[in-house]
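Subject: Structure handover and notes on charged side chains

Dear colleague,

Please find the structure below, together with its sequence. My notes follow it, and I would be glad if you read them with the structure open beside you.

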Amino acid sequence: MEQWVEAQDFIAADVIRWKEGVFHNRRKGKALRIGERQVAAEVLERGEDGWIKLLVRGCAITKDEAAGKTIQTLKAGEQIKRAIKTVLRGKVERLLWDDETARAAVLASKPATSRFADIPKDE
């Protein structure tokens with residue numbers, strides 16, 4: 001049985017799902033929101049530059065807001081690239097591992113990194 005938990009962060013090999021808006025680019029003006037889709041994907045690589053590479057496992061249309069506009073679903077097995085901040089905006093959920101202790105071991109083996117590590121400390 002699949003059990004999803006809310007996630008604030010994720011690592012490579014996690015399976016995550018989130019909702020993202022789908023937009024239609026018009027010739028003039030602002031892009032038009034035509035719907036929303038829920039994407040489930042496996043994290044392949046998390047870059048230091050704020051981007052993640054994902055392998056799509058499933059995709060479903062959750063809202064179809066514009067008549068006459070078709071929303072493209074992402075195909076299973078397709079590799080996509082998203083900004084971490086974009087994914088986190090979509091209420092990310094993480095699929096629990098069969099053995100969460102193995103995930104904890106992977107986290108413990110990685111050096112702790114923080115985006116604030118290079119800021120000099122006041123003394």
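To begin with the charged pairs, Arg 33 and Glu 36 form a salt bridge in which the closest N and O atoms are 3.1 Å apart. Arg 33 counts as partly exposed because its relative accessibility is 31%, whereas Glu 36, at 13% relative accessibility, counts as buried. Please keep in mind throughout that this is a predicted model.

A second salt bridge brings the side chains of Arg 57 and Glu 42 together, at 2.5 Å from N to O. Arg 57 belongs to strand β4 (residues 51-64) and Glu 42 to strand β3 (residues 32-46), so this pair ties together parts that are 15 residues apart in sequence. With a relative accessibility of 46%, Arg 57 counts as partly exposed. There is also a network, in which Glu 20, Arg 37 and Arg 82 are joined by salt bridges that share partners. Over the whole structure, the search finds eight salt bridges.

Within that network, the salt bridge between Arg 82 and Glu 20 has its closest N and O atoms 3.1 Å apart. Arg 82 lies in strand β5 (residues 79-83) and Glu 20 in strand β2, so the pair ties together parts that are 62 residues apart in sequence. Both Arg 82 and Glu 20 are buried; for Glu 20 the reason is a relative accessibility of 9%, which is under the 20% limit for a buried residue.

Glu 20 deserves a little further attention. Its side chain makes a polar contact of 3.3 Å with the side chain of Trp 18, and another, of 3.1 Å, with the side chain of Arg 82. If its neighbours within four places in sequence are left aside, Glu 20 is in contact with Glu 36, Arg 37, Val 39, Leu 74 and Arg 82. Glu 20 and Val 87 are 67 residues apart in sequence, yet their C-alpha atoms are 7.6 Å apart in space.

Another acidic residue, Asp 14, is found in the loop between β1 (4-6) and β2 (15-24). Is Asp 14 buried or exposed? Asp 14 counts as buried, because its relative accessibility is 0%. Its side chain makes a polar contact of 2.8 Å with the side chain of Arg 103, and the side chain of Asp 14 also reaches the backbone nitrogen of Ile 11, at 3.0 Å. Leaving aside neighbours within four places in sequence, the residues in contact with Asp 14 are Ala 41, Glu 42, Val 43, Arg 94, Trp 97 and Arg 103. Glu 42, in that list, is the residue whose side chain meets Arg 57 in a salt bridge.

Lastly, a word on the aromatic rings. How many aromatic pairs does the structure hold? The structure holds zero aromatic pairs, but there are charged groups placed over rings. The charged end of Arg 46 sits over the ring of Phe 10, at 5.1 Å from the ring's centre, and Lys 81 lies over the face of Trp 51, 5.3 Å from the ring centre.

With best wishes

Notes
Residues are numbered from 1 along each chain as its sequence is written. This is a predicted model: local features need pLDDT of at least 70, side-chain atom pairs count only at pLDDT 80 or more; totals for chains, interfaces and linings use all residues. Side-chain values use heavy atoms; hydrogens and water are left out. Helices (H or I, at least four residues) and strands (E, at least two) are DSSP runs, numbered from the N terminus. Buried means under 20% relative accessible area, exposed over 50%, partly exposed in between (1.4 Å probe, protein chains only). A polar contact is a pair of N or O atoms within 3.5 Å; within protein, one must be able to donate a hydrogen and the other to accept it, and residues adjacent in sequence count only if both atoms are side-chain atoms. Contact means heavy atoms within 4.5 Å. Rings of Phe, Tyr and Trp (its six-membered ring) pair if their centres lie within 6.5 Å; planes under 30 degrees apart count as stacked, over 60 as edge-to-face and the rest as tilted. A charge sits over a ring if NZ of Lys or CZ of Arg is within 6 Å of the ring centre and within 35 degrees of the ring normal. A salt bridge is a side-chain nitrogen of Lys or Arg within 4 Å of a carboxyl oxygen of Asp or Glu.
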